[in-house]
Amino acid sequence: MRIGLTCYPTYGGSGAVAAELALALGRRGHEVHVISYSSPFRLRSFAENVSFHEVDLSGTYPLLEYFPYSLALAVKQHEVALREQLDILHVHYAIPHAPAAFLAKQMLEEDHEIKVVTTLHGTDITLVGLESSFFTVTKFAIERSDAVTAVSAFLRDATYQEFGCVACGIEVIPNFVNLDEFRPAAASDSAECVRIAPPGHKTLVHISNFREVKRVPDVVRVFAKVRERMPAILVLAGDGPQRPDAAQEAERLDVAEDVRFLGKVDAVAELLRAADLYLLASRSESFGLSALEAMACGVPVLAPKVGGLPEVVEDGVTGALIPLGDLEGMSQKALELLSDTALHASMRRAGIERAMQFDTDHIVPLYEDLYRRVIAR
Ligand code: GMT
């Protein structure tokens with residue numbers, strides 16, 4: 001099939017999923033055309049059957065105080081769909097990608113028939129899409145897509161509840177993980193393994209784009225309580241608005257020396273392999289891709305019991321899920337997981353096994369099947 005994919009290229013789950021999907025579809029022999037304003041962060045080198053088309057942002061005019069990206073995107077989607085004779089335009093994160101795809105499809109008219117698939121990822125439904133400036137256009141674009149998927153049952157239900165489009169028939173296709181890349185450290189790896197913590201220290205890792213929804217200062221607060229009781233370091237990968245707050249909190253709690261801010265790291269698998277515990281404190285998380293990637297690397301996950309996380313992390317089996325905001329409970333659980341070697345080893349094994357259910361080779365065929373059904377309609 002000839003598939004166009006649109007996503008945000010920035011550091012974050014939806015861009016990671018779209019890029020991994022592009023790579024997997026390319027490996028499976030499909031022709032994939034990624035359309036965005038910059039190459040997604042996980043798609044920076046040559047990949048079989050995958051090409052990138054940059055949305056032109058150069059058009060300026062004094063009147064255009066705010067550049068109309070959605071229109072430029074629709075123009076590029078239309079152009080690529082026509083030239084490459086795309087069968088499917090699959091957009092990740094509804095805003096503004098789904099309305100742009102709708103417009104591109106309308107512009108194609110009878111020149112070329114294309115089907116639009118929209119994948120909902122999280123805050124496009126739970127936060128941004130609910131804003132009065134976006135609500136009606138998000139609802140419209142979801143309803144007019146030829147197929148809609150959500151990355152968890154939680155997100156599907158939230159969409160029905162918030163947007164009321166029960167007739168949309170949203171299919172749940174969970175996120176997936178490339179187990180060749182996200183794998184536990186093998187004994188033979190030890191020479192190349194990233195070593196971050198000084199000997200005798202536990203390593204806690206958090207990866208995100210540091211938006212408010214991620215509550216990164218809470219990650220630091222949980223770590224500070226762990227640090228009181230055992231030698232440990234906290235490694236924070238990613239960047240975003242809450243980075244200064246998190247750094248300030250580390251200073252305030254007197255743990256700054258043990259908190260490492262790495263900034264945006266592309267090779268997160270290597271970092272995860274060096275972790276003893278993966279920590280999330282998000283207010284909402286529709287899936288938690290990084291939690292899945294941590295489990296695939298054999299790292300137990302400690303997170304709040306919110307959103308779609310229970311569909312990924314098995315509480316008490318592959319990690320622990322604690323009521324949102326219970327930082328004391330999280331710290332106690334972290335200490336337990338880090339001190340009980342048998343419990344840690346069993347969670348490590350269980351996480352690796354659970355991640356296999358989300359293997360790229362199991363999940364990507366679900367998208368292929370959806371594309372075929374949509375094309376046949
Ligand atoms: O919706 C977002 O917040 C954006 C998105 C991203 O690009 O970071 O994250 C969401 O999509 C990921 C991939 O499907 C999920 O793993 C994240 O749980 C989800 N984030 C939230 O729901 C906060």
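Me: How do the residues lining the largest cavity divide by class?

Reply: That lining has 5 nonpolar, 1 polar and 2 charged residues. Here Ala, Val, Leu, Ile, Met, Phe, Trp, Tyr, Cys and Pro count as nonpolar, Asp, Glu, Lys and Arg as charged, and the others, Gly among them, as polar. The model is predicted, so local features need pLDDT of at least 70 and side-chain atom pairs pLDDT 80 or more, while totals for chains, interfaces and linings use all residues. Residues are numbered from 1 along each chain as its sequence is written, and side-chain values use heavy atoms, with hydrogens and water left out.

Me: What makes a space a cavity, and which residues line the largest one?

Reply: On a 1 Å grid over the protein atoms alone, a cavity is a set of points where a 1.4 Å probe fits but cannot get out, and lining residues have an atom within 4 Å of a point. The largest cavity is lined by Arg 215, Asp 218, Ala 281, Pro 304, Leu 324, Gly 325, Leu 327 and Met 330. Its volume is about 30 Å³, where a volume is the space filled by probe spheres set on the points, and points are joined across faces, edges and corners.

Me: What makes a space a pocket instead, and how much space lies in the largest pocket?

Reply: A pocket is an open set of points with protein on both sides within 12 Å along at least five of seven lines. The largest pocket holds about 790 Å³ of space. Among its 41 lining residues, Gly 12, Gly 13, Ser 14, Asn 209 and Arg 211 are the closest to its centre. By class, the lining of the largest pocket has 19 nonpolar, 17 polar and 5 charged residues.

Me: Where does the largest pocket lie with respect to domain 1 and domain 2?

Reply: Domain 1 (2-176 + 360-376) and domain 2 (187-356) both give residues to its lining, so the largest pocket lies between them. The domain bounds come from an automatic or database domain assignment.

Me: Why are H7 and H8 called roughly parallel, or would roughly antiparallel fit?

Reply: The axes of H7 (residues 216-229) and H8 (residues 243-252) come within 8 Å and cross at roughly 20°. That makes H7 roughly parallel to H8, because angles under 35 degrees count as roughly parallel, over 145 as roughly antiparallel, 65 to 115 as roughly perpendicular and the rest as oblique. Axes are lines fitted to C-alpha atoms, for helices over the stretch in contact, with angles from 0 to 180 degrees between N-to-C directions. Helices are DSSP runs (H or I, at least four residues), numbered from the N terminus.

Note on methods
Helix = DSSP H or I, 4+ residues; strand = E, 2+ residues; numbered from the N terminus.
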